[in-house]
Amino acid sequence: MADKKSPGLWIETGVDGKFCVVMSGAYGPEKHLPLITPAEDLVAAAEMDYTAYRREIQRLYEEHPLFAERLDVPESDLEDLTAEALLLPSTLREIDPLSFFVLGSLLDQALRMQDDGSPIFLLRAGQRLLQVLELPIRTQIRLRNIMEMTFDGTERATQQERFAKLHNAYSEIAAFCDPAHLDGYGDTPLQLCVGSVFQLRLIELLLYFRQEKQRIARCDYCWNYFIPRTQAATRYCDRIFDGQSCKKRGANLKRKKGPEQDDALKLFKQLRDRMYARMLRYQDAPENQRDRLIPMTVIQYDVWEKNARQARRDYMAGKIEAREFLRRIDTTHELTSYDTLKQELPPEESIWQKRVAADLDFDPERQYPSSLMLLDLSKPSDDPQWQYLTAEELIRKDQEGHQSLKDQYSK
Ligand SMILES: [Zn+2]
């Protein structure tokens, strides 16, 4: 029998591009998770549902007496919080056995923190415990941000192109996941010890970039990630929402868009809508937030529109070819090519995407308040109305220009 691995998390590669995660504790036998491919495990990890778990941690922060503001903190409060905190990981045992395993030893370490005699020791010790419990959530947030930067809009791309996108957004992460690290290893089985679940995800990404059998794509309808079954372009996953698959819902929404118009005119209309939306957004944004937007003043829009209308007239009158028409209206260089009319305007980078790219730890739940009152100044009025926006509405606002079909078509 092979020697037992030293305690920790291990990744063992096997045949058919599959690997196995091994959890080796200080006592007892090693536990092996089922064989899986990197793409499958990444998709599953991004989707684990921590909602209930996260709510419990939040509840402890907000309601546990240890964190109440007062002069004296009784030691029994920390003991009580510790007892509650130690129960939480077991709720993850089924959905996320990996985090359950890791939290065991991390909590153990946190509990061994020396009492430094300071009056805020108890408070710090409590916070430390909750921070440890939050690790699986933080790890997933990072993974989701990485996947958004790598797999959004790249269904037709090559693995190299996806890797380049990742590198563009998070260069340090890309340096870690570079498949070149394993050049020369071929199919040699590997055994790697990893320090954390996040590191394990990065190794999975590395193994993912090493292969080309499976690709990860993002569903146009629900925006979850999936693995297309064939090489053909695949826009929707097989998930079912309210009894109907994304594929079916997506196709229905497409049909609603009406009969195909002349493709060049369609692009003209898309561009005009985009410029107009940009102008509105720019106009509505408070002065100090305009640097987050693409500048488009009323005057700039007016110039664009006049020029585009003239080009459209010339095109309709047969004075210019479609290619020339597109070149003339695309003054901001949004189209990938003027040689083909069969194209969609590539999605605009939204404020949301900019925020994700700027911060690996970007966490929607923290970045958006649960609700916000805004004075609606979008229409001229002597009596502007207060608008009440929920977190979902604020997110939708920041995703404007690039969002799932599901969100675009929900009211
Ligand atoms: Zn879907």
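**Figure 1. Asp242 in the loop between β7 and β8 of the predicted model**. Asp242 sits between strand β7 (240-241) and strand β8 (244-245). Asp242 counts as exposed, because 5 C-beta neighbours lie inside 10 Å and exposure requires 12 or fewer. Phi of Asp242 is positive, about 50°, although the residue is not a glycine. Most residues other than glycine have a negative phi.

**Figure 2. Asp16 in the loop between β1 and β2**. Strand β1 (8-13) precedes this loop, and β2 covers residues 19-24. Asp16, a residue other than glycine, has a positive phi near 60°. Asp16 is exposed, with 8 other C-beta atoms within 10 Å.

**Figure 3. Packing of helix α2 with helix α5**. Helix α2 spans residues 51-63 and helix α5 spans residues 121-151. Their axes are 10 Å apart and make an angle of about 155°. The angle is over 145°, the cut-off for this class, so α2 and α5 are roughly antiparallel to each other. Their crossing is left-handed. From α2, the contact uses Arg54, Ile57, Leu60 and Tyr61. From α5, Leu130, Leu133, Glu134 and Ile137 take part. By class, the residues of this contact are 6 nonpolar, no polar and 2 charged.

**Figure 4. Packing of helix α10 with helix α12**. Helix α10 covers residues 263-284, and helix α12 covers residues 322-329. The two axes come within 10 Å and cross at roughly 5°. The angle is under 35°, which makes α10 roughly parallel to α12. On α10, the contact residues are Ala264, Leu267, Phe268 and Leu271. On α12, they are Ala322, Phe325, Leu326 and Ile329. This contact divides into 8 nonpolar residues, no polar and no charged.

**Figure 5. The largest nonpolar core and a second core apart from it**. The largest core has 51 residues. Leu42, Ile146, Leu166, Ile216, Cys219 and Tyr225 have the most contacts inside it. Leaving aside neighbours within four places in sequence, Leu166 is in contact with Ile146, Met149, Thr150, Ile173 and Ala174. Another core, of 12 residues, lies apart from the largest one. Among its members are Leu271, Met275, Leu326 and Ile329. Of these, Leu271 of α10 and Leu326 and Ile329 of α12 also belong to the contact between those two helices. In soluble globular proteins, nonpolar side chains tend to be buried together.

**Figure 6. Buried residues of helix α1 and their cover**. Helix α1 runs over residues 38-47. Its buried residues are Pro38, Ala39, Asp41, Leu42, Val43 and Ala45. The elements covering them include strand β2 (19-24) and helix α5. Helix α8 (197-209) and strand β6 (225-226) are also part of the cover. Leu42 is one of the residues with the most contacts inside the largest nonpolar core.

**Figure 7. The whole chain, for orientation**. The chain contains 16 helices and 10 strands. Its C-alpha atoms fill a box of roughly 80 × 60 × 40 Å along the principal axes. Of the 411 residues, 22% are buried. Among contacts between residues at least 6 apart in sequence, 56% join residues at least 24 apart.

Key. Residues are numbered from 1 along each chain as its sequence is written. This is a predicted model: local features need pLDDT of at least 70, side-chain atom pairs count only at pLDDT 80 or more; totals for chains, interfaces and linings use all residues. Axes are lines fitted to C-alpha atoms, for helices over the stretch in contact, and angles run from 0 to 180 degrees between N-to-C directions. Helices (H or I, at least four residues) and strands (E, at least two) are DSSP runs, numbered from the N terminus. Angles under 35 degrees count as roughly parallel, over 145 as roughly antiparallel, 65 to 115 as roughly perpendicular and the rest as oblique. A crossing is left-handed if the near helix is turned anticlockwise from the far one by less than a right angle, and right-handed if clockwise. Two residues are in contact if their C-beta atoms, placed from the backbone, lie within 7 Å. Ala, Val, Leu, Ile, Met, Phe, Trp, Tyr, Cys and Pro count as nonpolar, Asp, Glu, Lys and Arg as charged, and the others, Gly among them, as polar. A nonpolar core is a set of buried Ala, Val, Leu, Ile, Met, Phe, Trp, Tyr and Cys residues joined through C-beta atoms within 7 Å. A residue is buried if 20 or more other C-beta atoms lie within 10 Å of its own, exposed if 12 or fewer, and partly exposed in between; C-beta atoms are placed from the backbone.
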